[in-house]
Amino acid sequence: MDIIVIQPDTPEENIRHILKKLESKGLSANISRGTERTIIGVIGDTSKVTDDEEHAIKAMPGVENVLRILKPYKLASRDFKKTPTLIDVDGVIIGGNKIQVMAGPCSVENRSNIVSIAEKVKSAGATILRGGAFKPRTSPYAFQGLGEEGLKYLAEAKKKTGLPIITEVMDPRDLEVICEYTDIIQIGTRNMQNFRLLLEVGSVNKPVLLKRGLSATIKEWLMSAEYIMSRGNHNVMLCERGIRTFETATRNTLDLSAVPLLKQLTHLPVVVDPSHGVGKWDLVAPMSRAAVAVGADALIIEVHTNPEEAFSDGEQSLRPEMFTQLMDDLKRVAQAVGREI
Ligand code: PEP
Ligand code: MN
């Protein structure tokens with residue numbers, strides 16, 4: 001017994017009784033209060049709970065189901081939830097038949113630049129606008145992002161185009177202001193195991209895109225999703241963005257095998273970031289096509305009107321015309337695998 005699913009609208013008193021019962025067996029609990037359902041994760045050695053005791057808990061008022069899940073990640077696992085999770089971002093559904101494309105510059109640079117890129121990616125068919133305002137740069141001397149000013153420009157681009165926004169949070173201290181503007185919170189590769197940050201985003205009511213850590217295994221990545229979900233935020237999507245291998249010819253090695261594997265292991269939507277995965281603009285289109293072919297639910301692609309002058313990641317950014325062409329090609333790939341875009 002690892003997970004106790006609580007019936008909707010169960011009074012607090014019934015939940016307290018369940019917790020007391022667990023305590024009496026030497027167990028404790030993590031309560032994940034989601035918008036749709038409350039789930040109790042049982043902490044401790046659950047193998048000592050007998051079948052009879054488990055049946056007794058199942059019969060308690062408020063208990064919908066009691067599950068044993070062998071995987072270390074519970075709420076994120078397919079064993080816990082068989083149907084794919086659909087994440088609704090302002091009417092844009094991620095995880096359904098339609099593949100969503102998030103596009104925009106690596107960094108928000110100024111008002112006119114982000115507005116103009118937003119208009120261009122929108123007319124090419126993108127459904128979500130990306131842009132970093134708080135940037136995780138390897139060098140402290142590199143452009144660090146515009147901070148809140150960047151968020152304001154993103155909001156203006158959203159107002160002009162209607163595109164929902166995704167932007168990165170690096171520090172729990174910035175979370176509140178970022179949530180005032182963004183529709184999806186991005187956790188970058190360098191923070192995949194920043195557990196305090198994961199718990200903080202787990203406590204807010206906004207979808208989270210969790211990028212795979214630079215050298216993270218699939219299991220570690222799913223455990224990080226579990227951290228977020230354990231706090232009640234069940235709207236998590238996983239983003240493959242390349243991992244570090246011995247190969248240096250590309251920026252990272254885009255692990256597309258992760259996509260169909262994740263589809264077996266988890267019900268969460270899977271996103272692919274070919275831009276950071278390869279680091280070279282001319283490899284972005286072929287890897288995007290491949291990502292759609294292997295079953296990605298969404299793509300996140302860097303687009304810039306003038307890549308040579310970009311403040312960050314110009315070498316991997318597509319010009320709007322190339323992005324438009326790519327969107328056209330992706331339609332046919334999507335159709336071939338029974339999806340739309
Ligand atoms: C980004 O999306 O611009 C970014 C910094 O990504 P990652 O965390 O994957 O490096
Ligand atoms: Mn980037």
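**Exercise 1. Helix α6**

Task: State which residues of helix α6 (residues 195-202) are buried, and name the elements that these buried residues pack against.

Solution. The structure is a predicted model.
Step 1. In helix α6, which covers residues 195-202, the buried residues are L197, L198, L199, V201 and G202.
Step 2. The partners of these buried residues are α5 (175-181), β10 (184-187), β11 (208-211) and α7 (218-230).

**Exercise 2. The manganese site**

Task: List the protein donors of the manganese ion (ligand 2), give their spacing along the chain, and place E302 and D313 in the fold.

Solution.
Step 1. Four donor residues are named for the manganese ion (ligand 2): C106 through SG, H276 through NE2, E302 through OE and D313 through OD. They lie 2.0 to 2.4 Å from the ion.
Step 2. Read along the chain, the donors of this ion give the spacing C-x169-H-x25-E-x10-D.
Step 3. The pair E302 and D313 links distant parts of the chain, the two being eleven residues apart. E302 belongs to strand β14 (residues 298-302), while D313 sits in the loop between β14 and α11 (320-336).
Step 4. Buried means under 20% relative accessible area. E302 has a relative accessibility of 1%, so it counts as buried. D313 has a relative accessible area of 12%, so it is buried as well.

**Exercise 3. Helix α11**

Task: Compare the reach of α11 with its expected span, then describe its buried residues and what follows the helix.

Solution.
Step 1. α11 has 17 residues. From its first C-alpha to its last it reaches 25 Å, close to the 24 Å expected at 1.5 Å a residue.
Step 2. Buried in α11 are P320, F323, L326, M327, D329, L330, V333 and A334.
Step 3. These buried residues of α11 pack against β7 (100-104), α3 (111-124), α10 (281-294) and β14. Strand β14 is also where the manganese donor E302 is found.
Step 4. After α11 comes G338, with a positive phi near 75°.

**Exercise 4. Positive phi outside glycine**

Task: For D9 and D313, give phi, and then say where each residue lies and whether it is buried or exposed.

Solution.
Step 1. Most residues other than glycine have a negative phi.
Step 2. D9 is a residue other than glycine with a positive phi, near 60°. Its place is the loop between β1 (3-6) and α1 (12-24). With a relative accessible area of 78%, D9 is exposed.
Step 3. D313 also has a positive phi, near 55°, and is not a glycine. The loop between β14 and α11 holds D313. At 12% relative accessible area, D313 is buried.

**Exercise 5. The largest pocket and the largest cavity**

Task: Give the volume of the largest pocket and of the largest cavity, and describe the lining of each.

Solution.
Step 1. The volume of the largest pocket is about 520 Å³.
Step 2. Its lining consists of 25 residues, and E36, R37, I39, K81 and H234 are those nearest the centre of the pocket. Strand β4 (residues 63-67) supplies the largest share of this lining, three residues.
Step 3. By class, the pocket lining has eight nonpolar, twelve polar and five charged residues.
Step 4. One cavity of 30 Å³ or more turns up in a search of the whole structure. The largest cavity holds about 30 Å³ of space.
Step 5. The cavity is lined by R78, P84, T85, G95, K263, H267, L268, P269 and D297. This lining divides into three nonpolar, three polar and three charged residues.

**Exercise 6. Two long-range pairs**

Task: Locate G34 and K152, state how accessible each is, and give the C-alpha separation of G34 from M229 and of K152 from R111.

Solution.
Step 1. G34 lies in the loop between β2 (28-33) and β3 (38-43). G34 is buried, its relative accessible area being 19%.
Step 2. G34 and M229 are 195 residues apart along the chain, and their C-alpha atoms are separated by 8.4 Å.
Step 3. Setting aside neighbours within four places in sequence, G34 is in contact with G232 and H234. H234 also appears among the residues nearest the centre of the largest pocket.
Step 4. K152 is in helix α4 (residues 148-161). Its relative accessible area is 43%, so K152 is partly exposed.
Step 5. K152 and R111 stand 41 residues apart in sequence, and the distance in space is 8.6 Å, C-alpha to C-alpha.

Conventions
Residues numbered from 1 in each chain as written. Chains lettered and ligands numbered in written order. Predicted model: local features only at pLDDT ≥ 70, side-chain atom pairs only at ≥ 80, totals over all residues. Heavy atoms only, no water. Donors = N, O, S within 2.8 Å, 3.2 Å for Na, K, Ca; no water. Helix = DSSP H or I, 4+ residues; strand = E, 2+ residues; numbered from the N terminus. Buried < 20%, exposed > 50% of the residue type's maximum accessible area, 1.4 Å probe, protein only. Expected span 1.5 Å × (residues − 1). Contact = heavy atoms within 4.5 Å. 1 Å grid on protein atoms, 1.4 Å probe; cavity = no way out; pocket = protein on both sides within 12 Å on 5 of 7 lines; lining within 4 Å. Points joined across faces, edges and corners; volume = space filled by probe spheres on them. Nonpolar A, V, L, I, M, F, W, Y, C, P; charged D, E, K, R; others polar.
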